[in-house]
Amino acid sequence: MDAAEPARLWRWRAGSVAVLAAAWVGATASGLVPSVFLPSPGDLWDAAADMVTEGYKDRPLLDHIGLSLLRVFTGFGAGALLGTALGLLMGWRGWIDALFAPFIEFLRPLPQLAYLLLLIIWLGIGEAPKIVLLFLAALPVAAVAARDGVRRTSLARLAAARTLGASEWQLFRHVVLPSALPDILIGARLALGIVYGTLIAAEIIAGSTGLGWMIVDAGRYLRSDQVFVGVLIIGLMGVALDRLLVLAERRIVHWAGR
Amino acid sequence: MENKRLPVATSLLLSALSVAAALGLWQFLATSGTVAPELLASPAQVLNALEEILRDGYRGTTLTHNAAVTLGRCLLGFGLAVVAGIPLGLLMGLQPRAGAALGDIVQFLRPLPPLSYMILLILWFGTGDGSKVALLFLTALPIIASAAMAGVRLVPRARILVARSLGASAPQVVLHVVLPSALPSIFTGLRIALAAAFSTVVAAELLAATDGLGWMVLSASRFLRSDVILLGILILGLSGMALSWALLLAERRLVHWHGRG
């Protein structure tokens, strides 16, 4: 609880990163840890430069990134849109909720990769099973968020709008939807994180292109330098995707939290 | 939307009808010849597979063994992350220096898809249980630590000062003031972390394992045993629901005051 001045905290931040970096350099330069397990910073730089200029296995690095992103956006886009629409209806009408809730509640905690294999048997090994997998990963998360958002609409506001003569559609469009929007966007952010993690896992288990496939392939040849570069790219892309949604959230629901 | 809420009985009836209709459609699709039987086993065949596996096991492993192995890995990795993550998060929340030193590492790890570093863990620890438990530990740890840290920030400062001025020692303040106030936030983190660990353990078993429910589904898919795959999916879905309910029950008991006045 000691209130260290924020200005001095950066030393602790920089210090911990410096200690980690020093340990990394020390462990690799001294030969304590073989480079098969932990590549040195130099190895990592060389591998990164090589992958940027030469690509990975006959394909430019940007292709692998682009393919992964395309899958994420298609699957997430379809799942989040349909899930949100379904969730809004589920929150708005109790009987719709009763009809769909059992499936949503079953699908939500189900490990996504469990049904990947079934989708591959049904749809082949192309893009289709991956997109459907991501669609199914995003759908229940978005639906539950939208449903809970609608349910949180203040009754006083609804009553006020009704008294002023608003029709059902106007109530939905001008009262329910804006109240549910912050929840919908929180759900979208959660769903995007899950979709991204699921895609990387799917590419690792059953891919032939994309970032996930790249690191599992490099791992097979014990190229831990390339695995490290791949993991770093995957991490940075994940953060970038999340930031993108935070930005969208700030623009769309600029009133939230005030 | 209070005026639109259905009576509980009506709602349950509708849910039951909807599930029955889905089962009926499934049975029809599987038995009418619309879909090839190796692609979609019927509900009856899935029940038969359950009976057969309970009696004879699946390829030399029993169903209870596979379920116990999967849940065991998941709960061991998650449990270690709880034991390490809650004190870590509390420390990061209470000591700004610790927060500054460790925050970047936790925030780097948290959004990283776990299976991506599974490849490295396999290189380091081999394909045995060690790499899987380490994976699940690393999956759950940053989520729990962040939640505990966020929880500390919500503790009213006045409460800490009151406890201090009444003569509470630092450990007493942490145990009796900070921890209870942070508990609702910690439980939110635990729920997310457990769900993530459960998803991850199945993915890891698909990638490298010789037993467990994930392995069973993978093996069944190689032999086009859609009855066993569907059985595996049903068991995994029900286990996932059971895990999240168990945590919800624990939360209601431990944080029974939350949401009241």
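**Contacts between and within chains A and B**

Reader: How many residues does each chain give to the contact between chain B and chain A?

Author: Contact here is taken as heavy atoms within 4.5 Å. This is a predicted model, in which local features need pLDDT of at least 70 and side-chain atom pairs count only at pLDDT 80 or more, while totals for chains, interfaces and linings use all residues. Residues are numbered from 1 along each chain as its sequence is written, chains are lettered from A in the order in which they are written, and side-chain values use heavy atoms, with hydrogens and water left out. On that footing the contact takes 60 residues from chain A and 54 residues from chain B.

Reader: What area do chain B and chain A bury between them?

Author: Buried area is the accessible area (1.4 Å probe) that two parts lose on being put together, summed over both. Carbon and sulfur atoms carry 76% of the area buried between chain B and chain A, and the total is about 5,100 Å².

Reader: Which side chains meet in a salt bridge, at 3.0 Å from N to O?

Author: A salt bridge requires a side-chain nitrogen of Lys or Arg within 4 Å of a carboxyl oxygen of Asp or Glu, and between chain B and chain A the count is one. At 3.0 Å, N to O, the pair is B:Asp104 and A:Arg13.

Reader: Which helix supplies the largest share of the side of chain B that touches chain A?

Author: Helices are DSSP runs (H or I, at least four residues), numbered from the N terminus. Several helices of chain B, among them α1 (8-31), α8 (170-207) and α10 (226-254), each supply at least two residues of the side that touches chain A. The largest share, nine residues, comes from α10(B).

Reader: Why does the end-to-end distance of helix α3 of chain B agree with the expected span?

Author: The expected span is 1.5 Å times one less than the number of residues. Because helix α3 (residues 63-94) of chain B has 32 residues, it should span 46 Å, and its end C-alpha atoms are apart by that expected value, 46 Å.

Reader: Which three residues supply 89% of the area that domain 1 of chain A buries against domain 2 of chain A?

Author: By an automatic or database domain assignment, chain A is divided into domain 1 (1-33) and domain 2 (38-252). These two domains of chain A bury about 420 Å² between them, 82% of it on carbon and sulfur atoms. More than any other three residues, the suppliers of that 89% on the domain 1 side are A:Trp24, A:Thr28 and A:Val33.
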